[in-house]
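Reader: Please take me through one part of this protein at close range. I would like the charged pairs and what surrounds them.

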Amino acid sequence: MSETKITKNMCMPFIDVSATSTADWQRIDKSTVFEIEMNAETESFDYISQELPTEEIAGYAPSMDQEIATYRGNPIYDFMFKRFYNCDVSHARTLICFPQDADGKLPAWLVEDTTLVLDAMNWSEGKITWSMKFGGDIQRGTYSVTGGVPSFTAAQG
């Protein structure tokens, strides 16, 4: 079996920048960070039969710190700057399109209620930073991209 190197451009994060029920998916592009943190929610049990406590994972609260370079006209910058300027408490639909898996599928997460937590506007570095807190349910499925626009298909079962 041959190995395939997975590179940063093979995983695509999108935000729906529309204010309507019709999605306007825009790719986060002018960013130099891309790390999804799982944020395990754990509970410690100190059983009397064991020397040390045991950690159990209750679940995960995935999130991703993100940034966008300050290019007026970039749909993600314009979307985030409006929220920054207005001090908005924001939620958005997000779509994380993962690289092709070993079975040839294109796996994706669709999150209907991602909280966008604004962090900072750094004019010296030319970027807005924020956190994306994936809330509610993560819909798992597959995607395709045509002309730069993603299409999500929910997994069956």
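Author: What follows covers the salt bridges, then a neighbouring topic, the setting of one glutamine.

This is a predicted model: local features need pLDDT of at least 70, side-chain atom pairs count only at pLDDT 80 or more, and totals for chains, interfaces and linings use all residues. Residues are numbered from 1 along each chain as its sequence is written, and side-chain values use heavy atoms, with hydrogens and water left out.

First, the frame. The protein has one helix and ten strands. Both are DSSP runs, numbered from the N terminus: helices are H or I with at least four residues, strands are E with at least two. Along the sequence the order is β-β-β-β-β-β-α-β-β-β-β. Of the 157 residues, 31% are buried. Buried means under 20% relative accessible area, exposed means over 50%, and partly exposed lies in between (1.4 Å probe, protein chains only).

Now the charges. Side chains of opposite charge can pair when their charged atoms come close. A salt bridge here is a side-chain nitrogen of Lys or Arg within 4 Å of a carboxyl oxygen of Asp or Glu. The whole structure holds four salt bridges.

Take Arg93 and Asp16. Their closest N and O atoms are 3.3 Å apart. Arg93 sits in strand S7 (residues 90-97) and Asp16 in strand S1 (residues 12-16), so this pair ties together parts 77 residues apart in sequence. Arg93 is partly exposed, at 24% relative accessibility. Asp16 is buried, at 7%.

Next, Lys127. Its side chain meets that of Glu67 in a salt bridge, 3.1 Å from N to O. Glu67 is in strand S6 and Lys127 in strand S9 (residues 127-146), so the pair links distant parts of the chain, 60 residues apart. Both Glu67 and Lys127 are buried. Lys127 also forms a salt bridge with Glu125, with the closest N and O atoms 2.9 Å apart. Glu125 is exposed, with a relative accessible area of 52%. Elsewhere, salt bridges that share partners join Asp16, Arg93 and Glu112 into one network.

Last, Gln66. This residue is found in strand S6 (residues 63-69). Gln66 is buried, at 3% relative accessible area. Its side chain makes a polar contact of 2.3 Å with that of Ser31. A polar contact is a pair of N or O atoms within 3.5 Å; within protein, one must be able to donate a hydrogen and the other to accept it, and residues adjacent in sequence count only if both atoms are side-chain atoms.
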